[in-house]
Amino acid sequence: MLAPRLGPCEITPAMSDITALVLSAGLGKRMKSSLPKVLHRAAGRPLVLYPVQAALEAGASAVVCVVSPDVKERVAEALAEELPGAPVSVAVQEVARGTGDAVKAGIGAVSTERVMILCGDTPLVRADDVRALVSALEAAPPAELVLMSALLEDPSGYGRVLRDPSGRVLEVREQKDLRSAEERGVHEVNAGVYVARTEALRAALGRITSDNAAGEYYLTDAVALASKGGGALAIPGHADNLLGVNDRAQLAQAETLLFQRIARAHQLAGATIKGDARIDAGVEIGPDAVIEPGVALRGRSKVGAGASIDVGCVITDSEIGERAQLKPYSVVSRSRIGPGAQIGPFAHLRPDSQVDEDAHVGNFVETKKTRPRKGAKANHLAYLGDGDIGEKANVGAGTIFCNYDGFQKHLTVIGPGAFIGSDSQIVAPVRVGKDAYVATGTTVTKDVPDEALAIARVAQENKEGYAPRLKARLAAAAARKKQGG
Ligand code: UD1
Ligand code: CA
C-alpha cells in the first residue's frame, strides 16, 4: 500500500494528448546551497519529484522538466532513479529570464494539443487539483488557459488574480507590479499551475515582453492574452497545496505538511500512526501496523501487516515482516526482518542483515551482513558481523564475531541449535557445528564439530581458606604505611 498520490505505482493510465512542463530552472538563490533547489529533499524525495508525479497522476502522457544547464544531468539522474522508465525528460533554459522564457524553452518538446505547467518548487501540489484544471479546459465556457488559484489570508509574494466585476479573469499581476490599494487587497493568488491549449500558448509566448518591474518574461502575461483571446479561467485549489519552497524555512514547512499528509493516508488505509512519526513518501505500510511517535521510516522501507515499530526507531531502506516487533530506539538500515521477529530495544541492524522469522536480536546487539535464521536468538550485548546463525541457535551475551583481521572480512557460521556461551569470541573464518556447545568465555579459533563442546580458557584453581589470609596481609600493609606517614 502506498501513500496515495505519492508512490510511483499510483500513476493512472495516461491520456495521450497532454504534456506537462515542470519549471525548475530558477536560480534558487535563497536556499544558499551548492545543491540545486529542486534536488533538496522533503520526506525523503527530491522536491522536483512531487510535481512530476502529480502531473503523471493527473494524466500527463509525458513530463518535461525545464532546468538550468548546470544541473541538467543531476536532475535527469535523480528522476531516472526515482521513476525508472517513466516518460520524463529534461529541457534546458540557458538563462533564467523568467517563467515565460522557461516555458518557451520547454515547449519545443511538446507535441500534444494541450499542456500542463507546474513549478518544480511546489511539492504539495495535488494531482486532483491538476485534474480539475484539465476538466475545466474541456468544459464550457470555452477557455484556452486555466490556472489554479487559491484564497490566502496573506497573499504577499504571490501574483494576484484580477477579475472584472462579473468575475471574469482579466490577468495575473505580480506583487511588484501591483498598482493600487484595491489590487493589493486581492486575496486570490496564482498558484503557478496551469493547463493550456498548446497552439494558443505558443502564440502568446511570442508576444510576452520583459516590460515589468522585474525585467523578466512573465508566464503570467499569457493569462491576460488568453483573457482577451480564447478565454482564461481560474479554478480555486486548496491553499495549503500551493506552498512554494524558496528558502529552507519553507522547505521545513513543506516537509512537515508532507509528513502529515503521508501519515493521514496511511491512517486511512488502516495503519496506526502516532504523534510525530516521520514517514517518507513511497514507504509502504500494511494494515494494523502500529508506528509509535518519534519513528522515522525512510527511503524505500516496507512495513508488513500487524508489525509494531516502537518509539524512536529509525528504519532506512528496509523491509519489516508481518507481526515483527521493533522495540524502542532500534536502528535498521538496508536490512530485512522476517515475520514475527523481535528486535531491540537499542538494537543496531547494519546493511545486509537478514533476521528470519521469529528470530530475536535484543538490546545492544549490532549485526552487519549477518543472518540469524528462523528462531535464532542473540538477546544481549553482542557484535555479529558477517555471520550465518543457524535455526534456533542461541548466541549468549557479550559474544563477538571477530570478523576482521585488519585486512579482510571473514565469515562465521554457527550451526542450527548451537549454543554460544556468554563472553565468547568467535574468530572468523570459522564454523561451529550443528548442536555444538561453546563454553562461556571461549575464544573459538578452530572449527567446532557437530555436537562437540569447545572450551578454551584457563582452568580454575580454588585455594581453600586463602581469602582471610589475604585480607589480613593487606590490612597490615595499610597500617604500616599510615604509621610511617
Ligand atoms: C510565480 C508566478 C506567481 C505565482 C507564484 C506561485 C510568474 C511571473 N509568477 O512567482 O504569479 O503566484 O509563482 O508560486 O510566473 N523558473 C524557471 N526559469 C526562470 C524563472 C523561474 O524555470 O527563468 C521556475 C522556478 O524554478 C520555479 C518556478 O519557475 O520553480 C516559479 O518561479 P519563481 O521565481 O519561484 O516565481 P515566483 O516569484 O514564485
Ligand atoms: Ca516560487
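Biologist: Hi! How many positive and negative side chains does the protein have?
Modeller: There are 57 positive and 57 negative ones, counting Lys and Arg as positive and Asp and Glu as negative, with His and the chain ends not counted. The centres of the two sets lie 8 Å apart, with each charge placed at NZ of Lys, CZ of Arg, CG of Asp or CD of Glu.

Biologist: And what kind of model is it?
Modeller: It is a predicted model, where local features need pLDDT of at least 70, side-chain atom pairs count only at pLDDT 80 or more, and totals for chains, interfaces and linings use all residues. Residues are numbered from 1 along each chain as its sequence is written, ligands are numbered from 1 in the order written, and side-chain values use heavy atoms, leaving out hydrogens and water.

Biologist: Okay, new topic: which residues hold donors for the calcium ion?
Modeller: Asp121 (OD) and Asn246 (OD1) are the protein donors of ligand 2, at 3.0 to 3.1 Å. Donors are N, O and S atoms within 2.8 Å of the metal, or 3.2 Å for Na, K and Ca; water is not among the atoms, so sites may look incomplete.

Biologist: Where do the two sit in the chain?
Modeller: They are 125 residues apart. Asp121 is in the loop between strand S6 and helix H4, and Asn246 in the loop between strand S11 and helix H8.

Biologist: Are those two buried or exposed?
Modeller: Both Asp121 and Asn246 are buried, meaning under 20% relative accessible area with a 1.4 Å probe and protein chains only; exposed is over 50%, and partly exposed in between.

Biologist: What about the protein's overall span?
Modeller: The C-alpha trace spans about 110 × 60 × 40 Å along its principal axes.

Conventions:
Helix = DSSP H or I, 4+ residues; strand = E, 2+ residues; numbered from the N terminus.
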